[in-house]
Amino acid sequence: MESIFIEAGQDTPSVILNKESNTFIVSNRSYPEDSIEFYQPILEWIQRYIQKPNDNTVFEFKLEYFNTNSSKQIFKIMLLLEQLVKNSKVLIKWHYKKLDREMQNHGEIFSKIINVPFDLVEF
């Protein structure tokens with residue numbers, strides 16, 4: 001399965017989806033003009049990954065900021081991970097800066113509505 005590596009842009013996040021190294025990270029800032037178009041290949045990759053996943057998957061979100069449209073796409077990623085948890089071990093790690101209450105709150109909300117083990121990681 002070919003990996004996805006997207007470098008962060010001014011308004012798009014860095015994305016690493018690498019099955020071989022078991023690395024799954026979305027980081028930086030996410031407010032692309034067309035979030036559906038940006039996230040579509042990411043969602044498609046995860047759908048393929050679900051067919052033959054690793055035994056353990058740790059999916060990390062290290063976002064500094066995201067807009068409402070990106071929030072919807074992040075939620076779609078988590079819904080796919082919710083499907084994956086039926087056949088594999090999955091953990092979502094939501095990283096947030098110590099004083100960033102907004103990102104902490106977003107993580108807490110996602111953790112309550114997604115049925116996947118969830119760690120809030122303060123740094």
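Three exercises with worked solutions follow, on a predicted model. Residues are numbered from 1 along each chain as its sequence is written, and side-chain values use heavy atoms, with hydrogens and water left out. Local features need pLDDT of at least 70 and side-chain atom pairs count only at pLDDT 80 or more, while totals for chains, interfaces and linings use all residues.

**Exercise 1.** Compare the span of helix α2 with the expected span, then find where its buried residues lie.

Step 1. Helices are DSSP runs of H or I with at least four residues, strands are runs of E with at least two, and both are numbered from the N terminus. Helix α2 covers residues 68–84, which is 17 residues.

Step 2. The expected span is 1.5 Å times one less than the number of residues. This gives 24 Å, and the helix reaches 25 Å from its first C-alpha to its last, close to that value.

Step 3. Buried means under 20% relative accessible area, exposed over 50%, and partly exposed in between (1.4 Å probe, protein chains only). The buried residues of α2 are S70, Q73, I74, I77, M78, L80, L81 and L84. They cover an arc (directions from the helix axis to the C-beta atoms) of only 155°, so they are on the same side of α2.

**Exercise 2.** Is S35 buried or exposed, and which residues does S35 touch?

Step 1. S35 lies in helix α1. With a relative accessible area of 6%, S35 is buried.

Step 2. Contact means heavy atoms within 4.5 Å. Not counting residues up to four places away in sequence, S35 touches N69, S70 and Q73.

**Exercise 3.** Locate A8 and give its distance to N28.

Step 1. A8 is in the loop between β1 (4–6) and β2 (14–18).

Step 2. A8 and N28 are 20 residues apart in sequence and 6.9 Å apart in space, C-alpha to C-alpha.
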